[in-house]
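Work through these exercises with the sequence and the 3D view side by side. Try each task before you read its solution.

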Amino acid sequence: MSFINQIIYASKMVYMHIFPSLYLKYKRQMYINRLQTVAKSCFFKAEIPEGASFDDYQNALVKHLVSVNEYLYNYEFWNKSEVTRSEFISQYSTYMVYNWFRIYFPTYHNWKLFDYKELALSRLTEVGLIKRRWLYTPHATNEQISELLHSTDCIVKPHNATHGEGVYKVKHDDEQAIAAVLKQVKSSPAVIEECVTGCDELQQFHPGSLNTLRVVTIAYEGQGEVFGACFRMGRGDSVIDNSHGGGIVATINVDTGCIEGDAYGDNGRYFHEHPDTGIVINGFQIPQWDKIKQTCIDAANAIRGSIIVGWDLTLTADGNVEFIEANNTPDFDGGMQAPLKKGVKRQLTDTIYRVTGKRYHG
């Protein structure tokens with residue numbers, strides 16, 4: 001970071017802590033402006049249900065910070081009353097919660113730890129939550145990279161990848177692909193990880209991808225709860241389960257570990273059965289659910305990097321919980337609100353208050 005950028009950053013931090021209410025109003029207006037910039041082009045390119053209108057969307061945008069996709073598909077705001085709309089928390093409303101955390105819990109928001117994949121992987125490895133082999137290419141020699149790629153099938157993730165973008169699999173005996181990786185990482189930093197094999201119960205839905213759980217914890221000063229969870233499954237030829245890569249997601253009942261309702265995909269499509277394997281999704285029991293929940297709470301208290309963390313993990317064939325990565329700004333749309341069309345805003349604010357002793361009023 002340059003000296004000028006450091007000054008700008010420091011000034012913003014001072015302003016944020018001296019004038020917290022003004023700072024939050026500024027951030028909210030910034031998000032409104034951002035959404036409005038693309039509102040019209042996105043809205044009229046979409047398949048618009050009967051009953052939806054651009055004027056109504058504009059009102060919902062200002063009041064609830066919803067995107068076009070959330071208004072039309074994820075939450076179906078076009079057929080919701082204002083009371084019901086207020087029960088949902090949109091992606092940009094979630095960002096407001098994280099801005100609030102930055103002000104009132106500054107020592108509990110280690111953005112750098114989660115923003116850089118290699119730092120999060122290092123910390124998770126240190127506390128024994130990751131057991132697979134991995135390396136960060138700028139910190140490894142060509143010989144070390146080649147050895148890992150030749151010893152086992154690997155997943156290559158661009159350094160700043162989000163939503164599964166640019167992630168691909170390399171087989172250990174594919175010399176052409178390995179050579180391409182060795183050439184690519186000279187100019188484009190990446191994390192290379194040993195492929196994880198999930199247990200049969202989770203993999204049966206889509207054997208071609210690693211099917212993972214997203215478990216969201218809220219933890220502070222030794223207190224912690226699992227707030228929400230979902231099960232993500234790949235589709236077609238994809239090696240990732242992320243919805244942005246064509247995957248589907250289903251809500252998990254936190255108390256029982258059972259999937260509630262059908263899985264949800266892009267543009268409001270529902271799936272009672274997995275479209276590739278035909279396996280029924282609703283009612284599936286996640287194996288060893290109590291162990292998974294406790295492991296995530298233990299992880300949150302061990303790392304202490306953020307009050308809210310979205311843990312991506314799987315259960316391996318030998319019954320161990322293997323963490324894939326951690327996210328310090330998880331949203332609640334795709335896996336916890338969209339499938340059941342049920343908002344979790346009140347539940348979120350109540351859990352934050354119960355764990356931290358401070359109530360969010362955004």
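The exercises below go from sheets to helices to single residues.

This is a predicted model, in which local features need pLDDT of at least 70 and side-chain atom pairs count only at pLDDT 80 or more, while totals for chains, interfaces and linings use all residues. Residues are numbered from 1 along each chain as its sequence is written, and side-chain values use heavy atoms, with hydrogens and water left out.

**Exercise 1. The four-stranded sheet**

Find the order of the four strands in the open sheet, and name the edge strands.

Solution. Start with the strands, which are DSSP runs of E with at least two residues; helices are runs of H or I with at least four residues, and both are numbered from the N terminus. Two strands pair if DSSP finds at least two bridges between them. The order is β1-β4-β2-β3, and the pairing is antiparallel. The edges are β1 (134-136) and β3 (168-170), each pairing on one side only. Neighbouring strands of this sheet are turned by 20 degrees against each other on average, direction ignored.

Now go along the pairs. Three bridges link β1 with β4 (residues 190-194). One partner pair here is W134 and E193 in β4. Five bridges join β4 to β2. Look for C154, which stands opposite E194 in β4. Three bridges then join β2 to β3. There, I155 has K169 in β3 as its bridge partner.

**Exercise 2. What surrounds β2**

Decide how far β2 is enclosed, and find the helices that touch it.

Solution. Check accessibility first. Buried means under 20% relative accessible area, exposed means over 50%, and partly exposed is in between, with a 1.4 Å probe and protein chains only. Four of the five residues of β2 are buried, so β2 is largely enclosed by the rest of the structure.

Then look for helices in contact, meaning heavy atoms within 4.5 Å. Helix α8 (residues 117-126) lies across β1, β2 (154-158) and β4, at about 140 degrees to β1. Helix α10 (residues 175-184) touches β2, β3 and β4, and makes about 120 degrees with the direction of β3. Axes are lines fitted to C-alpha atoms, for helices over the stretch in contact, and angles run from 0 to 180 degrees between N-to-C directions.

**Exercise 3. A helix pair**

Describe how α2 and α6 cross.

Solution. Two packed helices are described by the angle between their axes and the distance between the axes. The axes of α2 (residues 20-45) and α6 (residues 91-104) come within 10 Å and cross at roughly 155 degrees. That makes α2 roughly antiparallel to α6. The cut-offs are under 35 degrees for roughly parallel, over 145 for roughly antiparallel, 65 to 115 for roughly perpendicular, and oblique for the rest.

Next, find the residues that meet. Among them are Y23, L24 and Y31 in α2, and Y92, M96 and W100 in α6.

**Exercise 4. The seven-stranded sheet**

Trace the second open sheet and find the helix across it.

Solution. The order is β9-β8-β7-β6-β5-β10-β11, with antiparallel pairing. The edge strands are β9 (270-271) and β11 (321-327), each pairing on one side only. Six bridges join β10 (residues 308-315) to β11. In that pair, W311 has A326 in β11 as its bridge partner. Helix α12 (residues 289-303) lies across β5, β6 (223-233), β7 (248-252), β10 and β11, at about 50 degrees to β5.

**Exercise 5. Buried or partly exposed?**

Sort T351, Q204, Q288 and K341 by accessibility, and note what is special about each backbone or side chain.

Solution. Take T351 in helix α13 (residues 345-356). At 3% relative accessibility, T351 is buried. Beyond its neighbours within four places in sequence, T351 contacts I218, E225 and F227. A polar atom of the T351 side chain lies 2.7 Å from the backbone oxygen of Q347.

Q204 sits in the loop between α11 (200-203) and β5 (212-220). At 36%, Q204 is partly exposed.

Q288 lies in the loop between β9 and α12. Q288 is partly exposed, at 39%. K341 is in the loop between β11 and α13. K341 is buried, at 16%.

Finish with phi. Most residues other than glycine have a negative phi. Q288 has a positive phi of about 50 degrees, and phi of K341 is near 55 degrees.

Key:
A polar contact is a pair of N or O atoms within 3.5 Å; within protein, one must be able to donate a hydrogen and the other to accept it, and residues adjacent in sequence count only if both atoms are side-chain atoms.
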